[in-house]
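Got the structure open in your viewer? Let's walk through it one selection at a time.

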Amino acid sequence: DLTDGIGRLAAQFITLGAAMAVLKGGLGYLAQIETATLGIAAAFMTGGQYVDRTTGKALAGEEALRAAQAESAQLVEELKFANLQTIATLDQLIVAYQQTLPVAIAKGFDKRQVKEFTVAMVQAAGAIGLPMDQLGEETRSLLTGAINPRNSRIATVLGLRSEDIAEYRGNATALFDFLMQKLDAYRTAGVAAQNTWAGLWSNTKDIALQYLGQSLAPLFETV
């Protein structure tokens, strides 16, 4: 009858709406990863040159960009894995990395050190309940030694002062080792935070989006 027909039609619309929402989420995830990869690649180009291994000449223009994008894509894959050891979502970790990268490179960190330091800071933020959108200011103040209780909660918890950072001026490796040692206990606590409801939900959401993104990748590439 008419009532049953309207009910079936409504159910179809609900099913279609749910499918469209899933599709939108997957495509949005892929677009976010693509944008992040390009942004990180641009930062890599700004931070140094790419050299052709055969000729030994510095790459320029599109060749340099392609090399930077390849390295950036690999970095994003590493962040996907590392993120499962944090309470943050993947987009929060990527944003934290992008905000940390130019400051850390300027201090002399290499790209591996930037990744490890960023992940450690995200884990520490999760351990002390710091909102992830404050990480950019936290990493900048810590790396530059502009530490104060208002914008340096992690540094304050670690008992660090601006003078402590100044002692390592000009020695990036020693500064990295010092900070990672200070962050070690909170990194462990940050990993443990994965077992909280917030951590489990964050990781479940990221895994679902990554799986959905991989499934939709062929469609995304044709758009």
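Start by selecting residues 90-107, which is helix H3, together with residues 135-144, which is helix H5. Keep in mind that this is a predicted model. The two helices pack with their axes 9 Å apart, at an angle of about 15 degrees. Angles under 35 degrees count as roughly parallel, so H3 and H5 fall into that class. As for handedness, H3 and H5 make a right-handed crossing.

Now show the side chains where these two helices touch. On the H3 side, pick Ala-96, Gln-99, Thr-100, Val-103, Ala-104 and Lys-107. Facing them from H5 are Leu-135, Gly-136, Thr-139, Arg-140, Leu-143 and Thr-144. Colour the contact of H3 with H5 by residue class and you should get 5 nonpolar, 5 polar and 2 charged residues.

Stay on H5 for a moment. How many of its 10 residues are buried? The count is 7, so you can call H5 mostly covered. To see them, select Leu-135, Gly-136, Glu-138, Thr-139, Ser-141, Leu-142 and Leu-143. Then step just past the end of the helix: H5 is followed by Gly-145, and the phi of Gly-145 is positive, near 80 degrees.

Next, hop over to another pair of helices. Select H2, residues 61-83, and H4, residues 111-128. Their axes come within 11 Å and cross at roughly 25 degrees. That angle makes H2 roughly parallel to H4. The crossing of H2 and H4 is right-handed.

Light up the contact here as well. H2 brings Glu-71, Leu-75, Glu-78, Leu-79 and Ala-82, while H4 offers Lys-111, Lys-115 and Val-119. What classes do you find in the contact of H2 with H4? There are 4 nonpolar and 4 charged residues, with no polar ones.

Two of those charged side chains deserve a zoom. Which residue forms a salt bridge with Glu-78? Lys-115 does, and the closest N and O atoms of the pair are 3.2 Å apart. This salt bridge links distant parts of the chain, with Lys-115 in H4 and Glu-78 in H2, 37 residues apart. Switch on a surface and compare the two ends. Is Lys-115 buried or exposed? Lys-115 has a relative accessible area of 18%, so it is buried, the cut-off being under 20%. Glu-78, at 30% relative accessibility, counts as partly exposed.

Searching the whole structure turns up 6 salt bridges, so there are other pairs to visit. For the last stop, select Arg-161. Its side chain forms a salt bridge with Glu-163, the closest N and O atoms being 3.4 Å apart. Arg-161 also meets Asp-164 in a salt bridge, with 3.2 Å from N to O. Show Arg-161, Glu-163 and Asp-164 together, and you have one network joined by salt bridges that share partners.

With the surface still on, look at how covered each member of this trio is. Arg-161 counts as partly exposed at 46% relative accessibility. Glu-163 is partly exposed too, with a relative accessible area of 44%. Asp-164, on the other hand, is buried, at 13%.

Terms used:
Residues are numbered from 1 along each chain as its sequence is written. This is a predicted model: local features need pLDDT of at least 70, side-chain atom pairs count only at pLDDT 80 or more; totals for chains, interfaces and linings use all residues. Side-chain values use heavy atoms; hydrogens and water are left out. Axes are lines fitted to C-alpha atoms, for helices over the stretch in contact, and angles run from 0 to 180 degrees between N-to-C directions. Helices (H or I, at least four residues) and strands (E, at least two) are DSSP runs, numbered from the N terminus. Angles under 35 degrees count as roughly parallel, over 145 as roughly antiparallel, 65 to 115 as roughly perpendicular and the rest as oblique. A crossing is left-handed if the near helix is turned anticlockwise from the far one by less than a right angle, and right-handed if clockwise. Contact means heavy atoms within 4.5 Å. Ala, Val, Leu, Ile, Met, Phe, Trp, Tyr, Cys and Pro count as nonpolar, Asp, Glu, Lys and Arg as charged, and the others, Gly among them, as polar. A salt bridge is a side-chain nitrogen of Lys or Arg within 4 Å of a carboxyl oxygen of Asp or Glu. Buried means under 20% relative accessible area, exposed over 50%, partly exposed in between (1.4 Å probe, protein chains only).
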